[in-house]
Amino acid sequence: MGIIAWILIGLLAGFIAKALMPGKDPGGVIITMLIGIAGGLLGGFLGKVILGVDSIDGFFDLSTWIAAIIGSVILLAVYRLVTSNKRRHSHA
């Protein structure tokens, strides 16, 4: 897949991850989109390493989308943990 396809998948996966994990995120929409792009790559990597499957087969394959969404949810959760710890410590 080309870089444009990865960006599109990442943007949509970030949007879906945000819908699955509603709440206020510091950084807004731009950060969520970047997390989606990185999450798509993470999901594909984890699919290959942990499950031994080629989860990045093509733009319209369900496994590609599931991997991208799972990766985006993981990164969004980590991002929220990191930024919430920073906010707690900066106000103390």
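## Helix α3: a buried serine and a nonpolar patch

Ser72 is buried, with a relative accessible area of 0%. The model is a predicted one. Ser72 lies in helix α3. Which residues does Ser72 touch, not counting those up to four places away in sequence? They are Ala13, Gly14, Ala17, Ile35, Gly36, Gly39 and Gly40.

Ala13 returns the contact with Ser72. Leaving aside neighbours within four places in sequence, Ala13 also meets Gly36, Ala68 and Ile69.

Ala13 belongs to the largest nonpolar core as well. That core has 5 residues, and the other members are Ile9, Trp65, Ala68 and Ile69. Helices α1 (3-20) and α3 are the elements that give two or more residues to it. The most comes from α3, with 3 residues. In soluble globular proteins, nonpolar side chains tend to be buried together.

Helix α3 spans residues 62-91, and Val78 has its place there. Is Val78 buried, partly exposed or exposed? Val78 counts as partly exposed because its relative accessibility is 42%, between the 20% and 50% cut-offs. Val78 also helps make a nonpolar surface patch of about 520 Å². Leu62, Ile66, Ile70, Ile74 and Val82 make up the rest of that patch.

The table sets two residues of α3 side by side.

| Residue | Relative accessible area | Class |
|---|---|---|
| Ser72 | 0% | buried |
| Val78 | 42% | partly exposed |

In short, Ser72 is buried in this model, whereas Val78 is partly exposed.

Terms used:
Residues numbered from 1 in each chain as written. Predicted model: local features only at pLDDT ≥ 70, side-chain atom pairs only at ≥ 80, totals over all residues. Heavy atoms only, no water. Patch = residues over 30% accessible without salt bridge, like charges linked within 9 Å, V, L, I, M, F, W, Y side chains within 5 Å. Areas by Shrake-Rupley, 256 points an atom, 1.4 Å probe, with all protein chains shown as cover. Salt bridge = Lys/Arg side-chain N within 4 Å of Asp/Glu carboxyl O. Helix = DSSP H or I, 4+ residues; strand = E, 2+ residues; numbered from the N terminus. Buried < 20%, exposed > 50% of the residue type's maximum accessible area, 1.4 Å probe, protein only. Contact = heavy atoms within 4.5 Å. Core = buried A, V, L, I, M, F, W, Y, C linked by side-chain atoms within 4.5 Å.
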